[in-house]
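Please open the structure in your viewer and keep the selection tool at hand. The tour moves from one selection to the next and says what is there at each stop.

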Amino acid sequence: MKHRTEEKVSATTRAFDVCVIGGGATGAGCALDAQLRGLRTLLLDAGDFASAASSASTKLVHGGVRYLEQAVKDFNLEEYRMVKNALRERLYMLANAPHLAHPAHFVVPVYSWARAAYYLAGMKMYDAVAAESNLFPSRFLSREQTLESMPGLKRQGLRGAVCYSDGQFDDARYDLALIETFIEAGGTALNYARVTGFARDDRGMLSSATVRDQISGEPFSVSVKKFVNATGTGADKIRALANPMLAPRMRPSKGVHLLFPAETFAGTDALLVPHTEDGRVIFAVPWQGRLLVGTTDDEVTAATRMVVTKDEAEYLLRQLNPYLETPLLREQAISGMAGMRPLVAAPRGQTATSKLIRDHEVELDSASGLISILGGKWTTHRLMAEDTIDAVQREMSGSVTSSMTKQHALSGAAGYDKDFCKEIEKEYSLPADVAQHLAGKFGTRALQILELLDENSSWNERVAPGSPVIEAEIIFCVRYEMAETIEDLVARRTGMQFHGWTEALEVAPRVAELLAQEKHWEPGQKADAVSEYSRKIQAFLDELGL
Ligand SMILES: Cc1cc2nc3c(=O)[nH]c(=O)nc-3n(C[C@H](O)[C@H](O)[C@H](O)COP(=O)(O)OP(=O)(O)OC[C@H]3O[C@@H](n4cnc5c(N)ncnc54)[C@H](O)[C@@H]3O)c2cc1C
């Protein structure tokens, strides 16, 4: 990536074919697809890239076993197709960024033979729907095999488990990798750039947008042939700006996760709790040295805040604990996250959000020319982008060229293999945890971070004792990944906040110092940034009652 000021100059001076509004998974995917087809593309996000739903997911690259069950029970062909597409997309997502996504084993423990037969039949169907895209076949595990894989499972009455395959990934970094790849392909991306209005040509078609630079507060305008609205749960606002006659379509639902120390439930496989009190499933997934537990699915109201409440935490533990030998306690949570799914309302209204299909829809507003991509999920972001850019090309010239993204290695993937981590560990005399962290988050772009040590060898220091993040990583993310705030660095770029709130608060002052140094902040700005970040984390902890 480039420095934000360079990207701003590019955004304000170049003429673009396409402007994608929203830099989450959907917008990043659309921007990359458009640019690779040769369209001059601009990507704008009102906040940081991936700062909304796209860094708050369960981090599963999956078709969704629950959606398949729902499709079969409701005899719903549309939902079946969505699962089938997602299972195919899973392969592309894993192959295009092996440093950020990998296959994983999921285990469904069973306490009755009837349930064992039901889940095994269900997972065999999941394999069959995946067909040639299957990762590895599902199978039954004996009680001994199950306890070997998950020693912390409740033993009494345990018959065994059904084990199936899906993928797991680093959502925030995957989003950033899509954007980096887009920029490498010649695109322009700008974070903290909110679209606030549109201007039209004499046919009433959108021809430019007013954008507010959220850092400087200044407005600027961009002139573009076609606008793509990929703003997730914000889609109705952009639709209304383009055409006030459009009826709202979004029906967001909130989902939360908590993270616990990995040793609270040892094992390398992911646990699927097959039935919750509201008829859903939840997961307890080993993720980056932690146990990630989630998620919820609740209607969003005007009072909803993006925090994990005490009640939500208790709900998650009430579903999970019956499966554990030693129950987890809310007080053991060390981090958490909340996000809103951009679901599209069902035509006739009243369905619970957990029943809404996670499929996507490309909407063309013929009065303004706005193309909105609504709904979907992380796993299908590439397909959503393909469908959207097909629509853009149909509208622009009528001729649709092929999407290039199925097999397009993302930034950091070229030259990456399982030995890469060991190689940098040896070549740069890095501690093993630092090498593993750099390789896992940046792939082969880690080499660019390590080159910064030639400029200042003291940047090989850890940002805090015990943290795998070295100072060069912070400098790199400020210079080349458009990190503007402590949270951009501590949460999405390095993942320290998801690893632990305490750890994040500990590193905040040093991270702010490095930011201040690189950005030539005014005196006082650093202290303000640290207190603002600490207040935000404290508010999260207060809601959780910790
Ligand atoms: C709790 C939870 C768990 C999930 N788990 C999974 C999972 O395991 N696997 C999976 O495949 N999917 C999962 N999903 C779904 C997936 O995360 C979302 O579908 C996906 O991240 C949506 O991406 P998006 O880009 O559409 O929206 P977002 O990530 O919300 O991005 C929209 C962006 O638009 C920007 N924006 C808004 N208004 C403006 C404006 N005016 N100007 C400029 N920018 C603007 C916002 O700042 C934001 O960054 C989960 C979702 C949730 C909430």
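Select aspartate 433 to begin; with a relative accessible area of 31%, this residue is partly exposed, where buried stands for under 20% relative accessible area, exposed for over 50%, and partly exposed for what lies in between (1.4 Å probe, protein chains only). Add arginine 462 to the selection, and you will find a salt bridge between arginine 462 and aspartate 433 whose closest N and O atoms are 2.8 Å apart; the term salt bridge here requires a side-chain nitrogen of Lys or Arg within 4 Å of a carboxyl oxygen of Asp or Glu. Distant parts of the chain are linked by this pair, since aspartate 433 belongs to helix H12 (residues 432-442) and arginine 462 to the loop between helix H13 (446-455) and helix H14 (471-480), 29 residues apart. Arginine 462, at 28% relative accessibility, also counts as partly exposed.

Before going on, note that this is a predicted model, in which local features need pLDDT of at least 70 and side-chain atom pairs count only at pLDDT 80 or more, while totals for chains, interfaces and linings use all residues. Residues are numbered from 1 along each chain as its sequence is written, and side-chain values use heavy atoms, with hydrogens and water left out. Helices (H or I, at least four residues) and strands (E, at least two) are DSSP runs, numbered from the N terminus.

Next, select glutamate 503 together with arginine 290, which form a salt bridge with the closest N and O atoms 3.8 Å apart. Because glutamate 503 lies in helix H17 (residues 501-519) and arginine 290 in strand E14 (residues 290-294), the pair ties together parts that are 213 residues apart in sequence. Arginine 290 counts as buried, at 17% relative accessibility.

Stay on helix H17 and select arginine 510 and glutamate 513, which both lie in this helix, three residues apart, or about one turn. Their salt bridge brings the closest N and O atoms to 2.4 Å. Arginine 510 is partly exposed, with a relative accessible area of 24%, and glutamate 513 is partly exposed as well, at 35% relative accessibility.

For the last stop, select helix H3 (residues 65-73), where Val65, Arg66, Tyr67, Leu68, Gln70 and Ala71 are buried. What do the buried residues of H3 pack against? They pack against helix H4 (77-96), helix H5 (113-130), strand E6 (160-169) and strand E12 (270-273), contact meaning heavy atoms within 4.5 Å. Just after H3, select phenylalanine 75, which takes a positive phi of about 50°.
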